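Work through the exercises below with the structure open beside you. Try each task before reading its solution.

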Amino acid sequence: MAVAAIARTAKLLFGSISGISGPLATTTSVRCLKVERWRKRTNIMSKNTKVKMRGPKREDGDYVHNGEILVMQLGLTFWPGENVGVLNDGSLFALDEGYVLTSWEKLSPYKDSPLYPAVKAGMDIYKCFYHVLPKPQEGRYVLVSTV
């Protein structure tokens, strides 16, 4: 009985399968229509969005010049260390030429920080810091007393 009802519904929807009569001629056209509608619905919001390209741009041990971006981020996921500056959006950049060093350091906040009570209670909080170690200066000078 159920098979007969399904056959009648299929005949109403698809007409004759061999011919092209009926509102929806083949099953593939039904599947394509559903997929196209689904794609249009999901891509409405993301059609005009731009990829942000956030994340680390320089790794540990890379040589960087003054002003190069180390990490593109929104907020402070990675924290600035020695010779590293912070932009308005939280991105880190090098203040001096040198080699990049990343380290996980235990946080010791100021007394007015919201993390201070947790650290005082004994909780250890570690953050990832980016440092730029400058090249060692070469001694190319001669003392006046030795000349």
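Helices (H or I, at least four residues) and strands (E, at least two) are DSSP runs, numbered from the N terminus. Met72, for example, lies in strand E3. The model used here is predicted.

**Exercise 1. Find how confident the prediction is, and which stretches call for caution.**

Solution.
Step 1. Begin with the whole protein: the mean pLDDT is 78, and 66% of the residues reach 70 or more.
Step 2. Look for low values. Residues 17-22 have a pLDDT below 50, and this stretch has 7 contacts in the model beyond near neighbours in sequence.
Step 3. Residues 24-39 also have a pLDDT below 50; here the model shows 9 contacts beyond near neighbours in sequence.
Step 4. Draw the consequence: where pLDDT is low, the predicted coordinates should not be read in detail.

**Exercise 2. Describe the surroundings of Met72.**

Solution.
Step 1. Place the residue: Met72 belongs to strand E3.
Step 2. Is Met72 buried, partly exposed or exposed? Its relative accessible area is 26%. Buried means under 20% and exposed over 50%, so Met72 is partly exposed.
Step 3. List the contacts, leaving aside neighbours within four places in sequence: Met72 touches Met53, Arg54, Gly55, Lys57 and Ser91.
Step 4. Take Gly55 from that list. Its C-alpha atom is 5.1 Å from that of Met72, although the two residues are 17 apart along the chain.

**Exercise 3. Examine the backbone angle phi at Met53 and at Asn83.**

Solution.
Step 1. At Met53, phi is near 55 degrees, a positive value in a residue other than glycine.
Step 2. Met53 sits in the loop between helix H2 (27-43) and strand E1 (55-56). With 58% relative accessibility, Met53 counts as exposed.
Step 3. At Asn83, phi is near 60 degrees, again positive in a residue other than glycine.
Step 4. The loop between E4 and strand E5 (84-86) holds Asn83. Its relative accessible area of 28% makes Asn83 partly exposed.

**Exercise 4. Classify two aromatic pairs by their geometry.**

Solution.
Step 1. Choose the quantities: a pair of aromatic rings is described by the distance of the centres and the angle of the planes. How many aromatic pairs does a search of the whole structure find? The search finds 3.
Step 2. For Tyr63 and Tyr99, the ring centres are 5.2 Å apart and the planes stand at 70 degrees. Planes over 60 degrees apart count as edge-to-face, so this pair of Tyr63 and Tyr99 is edge-to-face.
Step 3. Locate both rings. Tyr63 is in strand E2 (residues 63-64) and Tyr99 in strand E7 (residues 98-106), so the pair ties together parts that are 36 residues apart in sequence. Tyr63 is partly exposed at 28% relative accessibility, and Tyr99 is partly exposed at 42%.
Step 4. For Trp79 and Phe129, the centres are 6.3 Å apart and the planes are at 45 degrees, so the pair is tilted.
Step 5. Trp79 is in strand E4 (residues 78-80) and Phe129 in strand E8 (residues 126-133); the pair links distant parts of the chain, 50 residues apart. Trp79 is partly exposed at 25% relative accessibility, whereas Phe129 is buried at 11%.

**Exercise 5. Name the residues of the nonpolar surface patch that includes Tyr99.**

Solution.
Step 1. The patch is made by Tyr99, Leu101 and Leu133.
Step 2. Its area is about 260 Å².

**Exercise 6. Locate the salt bridges and the parts of the chain that they join.**

Solution.
Step 1. Recall the principle: side chains of opposite charge can pair when their charged atoms come close. The structure holds 2 salt bridges.
Step 2. In one, Glu68 pairs with Arg58, and the closest N and O atoms are 2.9 Å apart.
Step 3. Glu68 is in the loop between E2 and strand E3 (69-72) and Arg58 in the loop between E1 and E2, so parts 10 residues apart in sequence are tied together. Arg58 is partly exposed, with a relative accessible area of 28%.
Step 4. Asp124 forms a salt bridge with Lys106, with 3.2 Å between the closest N and O atoms.
Step 5. Asp124 lies in the loop between helix H3 (116-120) and E8, and Lys106 in strand E7. This pair links distant parts of the chain, 18 residues apart. Asp124 has a relative accessible area of 44% and is partly exposed.

Notes:
Residues are numbered from 1 along each chain as its sequence is written. This is a predicted model: local features need pLDDT of at least 70, side-chain atom pairs count only at pLDDT 80 or more; totals for chains, interfaces and linings use all residues. Side-chain values use heavy atoms; hydrogens and water are left out. pLDDT is the predictor's confidence in each residue, from 0 to 100. Contact means heavy atoms within 4.5 Å. Rings of Phe, Tyr and Trp (its six-membered ring) pair if their centres lie within 6.5 Å; planes under 30 degrees apart count as stacked, over 60 as edge-to-face and the rest as tilted. Buried means under 20% relative accessible area, exposed over 50%, partly exposed in between (1.4 Å probe, protein chains only). Patches are made of residues with over 30% relative accessible area and no salt bridge: like charges are joined within 9 Å, nonpolar side chains (Val, Leu, Ile, Met, Phe, Trp, Tyr) within 5 Å. Accessible areas come from the Shrake-Rupley method with a 1.4 Å probe; for residues, only the protein chains shown count as cover. A salt bridge is a side-chain nitrogen of Lys or Arg within 4 Å of a carboxyl oxygen of Asp or Glu.
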